[in-house]
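Here is my note on the model you sent over, written as numbered points. Have the sequence and the 3D view open while you read.

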Amino acid sequence: MAHHDENCIFCKIIAGQIPCAKVYENEHVLAFLDISQVTKGHTLVIPKTHRQDVFALTPDVAPHLFAAVPHIANAIQRAYQPVGLNILNNNGEAAGQTVFHFHMHLIPRYGEEDGFG
Ligand code: 5GP
Ligand code: ZN
């Protein structure tokens, strides 16, 4: 059974206890819009089993994350027509991590006018 941390906000999203705007889902991975959109379509990709950060990712979980990324990127591409996309991942407070359930940010880019970076 997938590991669930009852104090983790992303585990609550996986459990359906907190709503999210779903972008993609399979057995292992969930992707949903970030509540605070850096650019239009800013999406988070998470494993359905709780892992705090990249240091805690295990080989039973890690491959599913990147395997899902092209599907999610293409869903974003279809929905928002960005001209580029950044993939970012913060690990540890010192690196800017604020939610301690591993996640990748997929940030669509729209050219200079998107005001990001
Ligand atoms: P971090 O700074 O840990 O890399 O990113 C955490 C991200 O989670 C932030 O961009 C923040 O806006 C997002 N976030 C935090 N709480 C929620 C939530 O309840 N729902 C959604 N959709 N995003 C959240
Ligand atoms: Zn969690």
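Which residues does I46 touch, not counting residues up to four places away in sequence?

1. Let us start with that question. I46 touches F10, L30, H101, F102 and H103, once residues up to four places away in sequence are left out. Please keep in mind that this is a predicted model. Try finding I46 on screen, and then look for each of its partners in turn.

2. One of those partners deserves its own paragraph. The unreviewed UniProt entry places the feature "active site" at H103. In the model, H103 is found in the loop between β4 (84–88) and β5 (104–109). Is H103 buried or exposed? H103 counts as buried, because it has 24 C-beta neighbours inside 10 Å, and 20 or more are enough for that label. Leaving aside neighbours within four places in sequence, H103 is in contact with F10, L44, V45 and I46.

3. Now for the overall plan. The chain has 2 helices and 5 strands, and reading along the sequence gives the pattern α-β-β-β-α-β-β. The UniProt record, again an unreviewed entry, places "domain: HIT" at residues 9–116. That span is 23% helix and 23% strand, and its end C-alpha atoms lie 26 Å apart.

4. Next, the overall dimensions. The C-alpha trace spans about 40 × 30 × 25 Å along its principal axes. The chain has a radius of gyration of 14 Å, which agrees with the value near 13 Å for a compact globule of 117 residues. Of the contacts with a separation of 6 or more, 59% are between residues 24 or more positions apart. Buried residues make up 24% of the 117 residues.

5. What sits in the largest nonpolar core? This core has 18 residues, and those with the most contacts inside it are V29, L30, A31, V45, I46, I72 and L106. At least two residues of this core come from each of α1 (9–14), β2 (29–33), β3 (43–47), α2 (62–80) and β5. I46 is thus a familiar name here, as L30 is among the residues that it touches.

6. Two buried isoleucines are worth a visit. I76 is found in helix α2 and is buried, with 23 other C-beta atoms within 10 Å. Its C-alpha is 8.8 Å from that of L106, although I76 and L106 are 30 residues apart in sequence. Beyond its neighbours within four places, I76 is in contact with V23, G41, T43, P82, L85, L106 and P108. I107, found in strand β5, is also buried, with 23 other C-beta atoms within 10 Å. The C-alpha atoms of I107 and T39 are separated by 6.5 Å, with their positions 68 residues apart along the chain. With neighbours within four places set aside, the contacts of I107 are V38, T39, H42, L85, N86, L88 and F116.

7. Please look at the ligand too. Which residues come nearest to ligand 1? Of the 14 residues around ligand 1, these are I35, S36, N90, T98 and V99. The shell divides into 8 nonpolar, 5 polar and 1 charged.

8. For contrast, here are some less buried positions. V61, in the loop between β3 and α2, counts as partly exposed, with 19 C-beta neighbours inside 10 Å. V61 and H28 are 33 residues apart in sequence, yet their C-alpha atoms are 7.6 Å apart in space. V61 is in contact with P47, T49 and R51, leaving aside neighbours within four places. Q81 lies in the loop between α2 and β4 and is exposed, with 11 other C-beta atoms within 10 Å. Phi of Q81 is near 50 degrees, a positive value in a residue other than glycine.

9. Finally, look before the first helix. N7 is found in the segment before α1, and is exposed, with 8 other C-beta atoms within 10 Å. The C-alpha atoms of N7 and K22 are separated by 21 Å, and these residues are 15 apart along the chain.

How values were computed: Residues are numbered from 1 along each chain as its sequence is written. Chains are lettered from A and ligands numbered from 1 in the order in which they are written. This is a predicted model: local features need pLDDT of at least 70, side-chain atom pairs count only at pLDDT 80 or more; totals for chains, interfaces and linings use all residues. UniProt positions are given in the numbering used here, feature names are shortened, and annotations may be inferred rather than shown by experiment. Helices (H or I, at least four residues) and strands (E, at least two) are DSSP runs, numbered from the N terminus. A residue is buried if 20 or more other C-beta atoms lie within 10 Å of its own, exposed if 12 or fewer, and partly exposed in between; C-beta atoms are placed from the backbone. Two residues are in contact if their C-beta atoms, placed from the backbone, lie within 7 Å. A residue is near a molecule or strand if its C-beta atom, placed from the backbone, lies within 6 Å of it. Ala, Val, Leu, Ile, Met, Phe, Trp, Tyr, Cys and Pro count as nonpolar, Asp, Glu, Lys and Arg as charged, and the others, Gly among them, as polar. A nonpolar core is a set of buried Ala, Val, Leu, Ile, Met, Phe, Trp, Tyr and Cys residues joined through C-beta atoms within 7 Å. The radius of gyration is taken over C-alpha atoms; the globule rule is 2.2 Å times the number of residues to the power 0.38.
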